[in-house]
Amino acid sequence: MFSVTVRDHMMVAHSFHGEVFGPARALHGATFVVDATVHRAELDPDGIVVDIGEFSRVLAGVVGELNHRNLDEVPEFAGVNTTTEFLARVVADRLVERLDAPARGLSRVAVTLHESHVAWASYERDL
């Protein structure tokens, strides 16, 4: 299996609902380093998994829609805890759609959001 990973980052504000979140129930900021990886079993006719420049631009577009936003004010996230895990899935799903991943022969996508140098969460899905 071949893979290509690109990286970006985003800063958001959000709050959580539920006792488990303790002080994070209050509005707070988070900065995430975002790693996105796509996989394919065989290289395409050009000998690549995906064009890295294009993949980077697509990731930047997805991340840009969330960057510097208060996620509590985003209508599609109303009533949802925008946890690191949840946001990893949002980024992955948007990447799959914008890359038209299955049509390109990509078989898997993985997104990891690094909250810090000691904590991160990921979402992976087959296509």
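Two strands count as paired here if DSSP finds at least two bridges between them. With that in hand, the sheet of this predicted model can be read off strand by strand. Strand 1 (residues 2-14) runs antiparallel to strand 2, with 13 bridges between them, and Met10 sits across from Phe32 of strand 2. Strand 2 also pairs with strand 4, again in the antiparallel sense, over seven bridges. In that pairing, Val34 faces Leu113 of strand 4.

Helix 2 comes next. Helix 2 covers residues 84-99, and its 16 residues should span 22 Å at 1.5 Å a residue; the end C-alpha atoms turn out to be 22 Å apart, so expectation and model agree. Its buried residues include Phe86, Leu87, Val90, Val91, Leu95 and Leu99, and Arg94 is on the list too. The buried residues of helix 2 pack against strand 2 (28-40), helix 1 (52-66), strand 4 (108-114) and strand 5 (120-126).

Right after helix 2, the backbone does something a little unusual for the reader to look at: Asp100 is not a glycine, yet has a positive phi of about 50 degrees. Asp100 belongs to the loop between helix 2 and strand 4 and is partly exposed, at 46% relative accessibility. His68 is another non-glycine residue with a positive phi, near 60 degrees. His68 lies in the loop between helix 1 and strand 3 (69-70) and is exposed, with a relative accessible area of 59%.

As for charged pairs, the structure holds nine salt bridges. One of them joins the side chains of Arg7 and Asp35, at 2.5 Å from N to O. This pair connects strand 1, home of Arg7, to strand 2, home of Asp35, across 28 residues. Arg7 is exposed at 58% relative accessibility, whereas Asp35 is buried at 13%, because buried means under 20% and exposed over 50%.

Another bridge brings Glu54 and Arg104 together, their closest N and O atoms 2.6 Å apart. Glu54 is in helix 1 and Arg104 in the loop between helix 2 and strand 4, so the bridge ties together parts 50 residues apart in sequence. Both partners are partly exposed: Glu54 at 24%, Arg104 at 30%.

Asp126 and Arg108 form a salt bridge as well, with the closest N and O atoms 2.2 Å apart. Here the link is between strand 5, which holds Asp126, and strand 4, which holds Arg108, 18 residues apart. Asp126 is exposed at 56%, while Arg108 is partly exposed at 23%. Finally, salt bridges with shared partners join Glu65, Glu76, Arg94 and Arg98 into one network.

Notes
Residues numbered from 1 in each chain as written. Predicted model: local features only at pLDDT ≥ 70, side-chain atom pairs only at ≥ 80, totals over all residues. Heavy atoms only, no water. Helix = DSSP H or I, 4+ residues; strand = E, 2+ residues; numbered from the N terminus. Expected span 1.5 Å × (residues − 1). Buried < 20%, exposed > 50% of the residue type's maximum accessible area, 1.4 Å probe, protein only. Contact = heavy atoms within 4.5 Å. Salt bridge = Lys/Arg side-chain N within 4 Å of Asp/Glu carboxyl O.
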